[in-house]
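Thanks for making the time this morning. I would like to walk you through one model, starting from where its chains meet and then turning to how one of them is built.

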Amino acid sequence: MPSLKELRGRIGSVKQTQKITSAMKLVAASKLKRAQEQAEASRPFSLKMSAMLANLAAGVRDLPGAPPLLAGSGKEETHLIVVATSDRGLCGGFNSSIVRAVRRRIAELLDAGKTVKIICIGRKGRDMLRREHGKLIIEFIDGVAGKRRMEYADAAMVAQKILDLYAAGEFDVCSIIFNRFKSAVTQIVTLQQIVPVEPPAAAEDAAATTAAASADGGAIYEFEPDEERILSELLPRNLAVQIFGALVENAASEQGARMAAMDNATRNAGEMIRKLTLSYNRQRQAQITKELIEIISGAEAAVG
Amino acid sequence: MAEASTDKLAFELVSPERVLASVQADMVVVPGEEGDFGVLVEHAPLLSLLRPGVISIYQGQQVDQRIFVEGGFAEVNPKGLIVLAEAAAPMTELNLDEARQQLKDAEEDLGDAKDPSEPERERLERAIVVARARIEALEFQG
């Protein structure tokens, strides 16, 4: 049984910890709000770009001269995985769930006899993957994940690196793994293929509307200068936009996960304080009783 | 999107980070890759590349707003005109001296770059084109 003094010390230290975790929770909550706003603000651009791409891609994909970003390199040998994590910890299962998904994916690909390369965005993912898959990591991009506000220029820079690698024939398929923000407490680990471009989900709708429109009497697009030029400009940008979207979602998820984790920690600390205080009071009571008994029995002995 | 009234064009300017403008206009003139073109309501559907230049938004016969874009894409569909631009700024926020400085910097960067890789060179040349267009737009405005 720890002494009263020790108990007092522990209660004090748990209280301090609780103060820290609850402050972190508040900070995460306000950052979450900002990140969420940014995620929402960036959505129209990517939606409209996907719609545009869908309009264009439908006609060009199967042509022999289709750009490789759209049609693929014709092989599926080398897979590039972009791992988006955070720079900081203390955010519950945020990073480890991404890394778990990455490990599973790597194992699958290696079993199937493919080659795997990894680009890490965010320090945590690199730290966790380095031990096991250190040889596979070809690039670590620092200073992007930890920013207060995601910048499009960063995403464009990452996209450029990927494009250069693709042009050099370093990989055939590229996907990005990140946490999609669903709500402050739920994040969904998402694997999204970005090269070659997956047919956007909106493609069918768009194709349907185009078909319907042309049936209506020809709302078919004119292209200036021509479809291929536009497509060749649009595809690299689309890559940057997709990466930007993933990073923004990830940033919001990180804050959400941290908020939930810190909320839990604060609650656990409260519980611990309660238990410690209980045993502190019990012990104090026991000691008082003991002292009283000693005094009384001493007095009785003197009288008798 | 706002409810399209019958005689006005719904115009949206979107950057990756946010929606920069969403207005009802009488006409919007867009710097297309192959020349400026004006878009009125019920324009035929069109997809065009943009060159660096100025988007002018007309209300009535007057230019209401002028916005500089560093290139992008324009889509005209039955709902209106959408411009996707990676970087854009209202003309009122640009300044001729700064623009000249940017051009100078860009030219120096290209001059200094020893043996730049192909994408690197393209990037620098593009920066020069953008800077020239910015100066031209500002000088034209006077």
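Let me begin with a question: how many residue pairs are in polar contact between chain B and chain A, if both residues must be at pLDDT 80 or more? The count is 9 residue pairs, and I should say at once that this comes from a predicted model, so that everything I describe is a reading of predicted coordinates. Looking at which parts of chain B are involved, the elements that give two or more residues to the side touching chain A are β1 (9-14), β4 (35-39), β5 (46-59), β6 (62-77), β7 (80-85) and α2 (118-141). The largest share of that side comes from β6(B), which gives 5 residues. By residue class, the side of chain B that touches chain A divides into 16 nonpolar, 4 polar and 9 charged residues.

As for the extent of the interface, the contact draws on 29 residues of chain B and 28 residues of chain A. About 2600 Å² is buried between the two chains, and carbon and sulfur atoms give 64% of that area. On the side of chain B, the residues B:Glu17, B:Leu47 and B:Phe73 supply 27% of the area buried against chain A, which is more than any other three residues supply.

Charged pairs also appear here, since the rule finds 3 salt bridges across the interface of chain B and chain A. In a salt bridge between B:Glu33 and A:Arg229, the side chains meet at 2.8 Å, N to O.

There is also strand pairing between the chains: strand β6 of chain A, residues 222-224, pairs with β5(B) in the parallel sense, over 3 bridges. Within the pairing of these strands, A:Glu222 stands opposite B:Leu46 of β5(B).

Let me now turn to chain B by itself. Chain B has 2 helices and 8 strands, and in order from the N terminus the strands precede the helices, as β-β-β-β-β-β-β-β-α-α. Taken along the principal axes, its C-alpha atoms fill a box of roughly 55 × 30 × 25 Å.

Which strands of chain B are joined to β6(B), and in what sense do they run? To begin with β5(B), 13 bridges join this strand to β6(B), and the two run antiparallel; B:Val54, for instance, has B:Phe68 as its bridge partner in β6(B). These two strands form a hairpin with 2 residues between them, and B:Gly60 in the turn has a positive phi of about 65 degrees.

Next comes β7(B), which is joined to β6(B) by 6 bridges and runs antiparallel to it. Here B:Val76 has B:Leu81 as its bridge partner, and this pair of strands likewise forms a hairpin with 2 residues between them. Finally, β6(B) is joined by 3 bridges to strand β8 of chain B, residues 88-90, again antiparallel, with B:Ile67 standing opposite B:Pro90.

I will end with a caution about chain A, which averages a pLDDT of 86, with 90% of its residues scoring at least 70. Over residues 202-219 of chain A, however, the pLDDT is below 50, and this stretch has 9 contacts in the model beyond near neighbours in sequence. Where pLDDT is low, the predicted coordinates should not be read in detail.

Conventions: Residues numbered from 1 in each chain as written. Chains lettered and ligands numbered in written order. Heavy atoms only, no water. Contact = heavy atoms within 4.5 Å. Buried area = accessible area lost by both parts, 1.4 Å probe. Salt bridge = Lys/Arg side-chain N within 4 Å of Asp/Glu carboxyl O. Polar contact = N/O pair within 3.5 Å; in protein donor to acceptor, adjacent residues only side chain to side chain. Helix = DSSP H or I, 4+ residues; strand = E, 2+ residues; numbered from the N terminus. Nonpolar A, V, L, I, M, F, W, Y, C, P; charged D, E, K, R; others polar. Pairing = 2+ DSSP bridges. pLDDT = per-residue confidence, 0-100.
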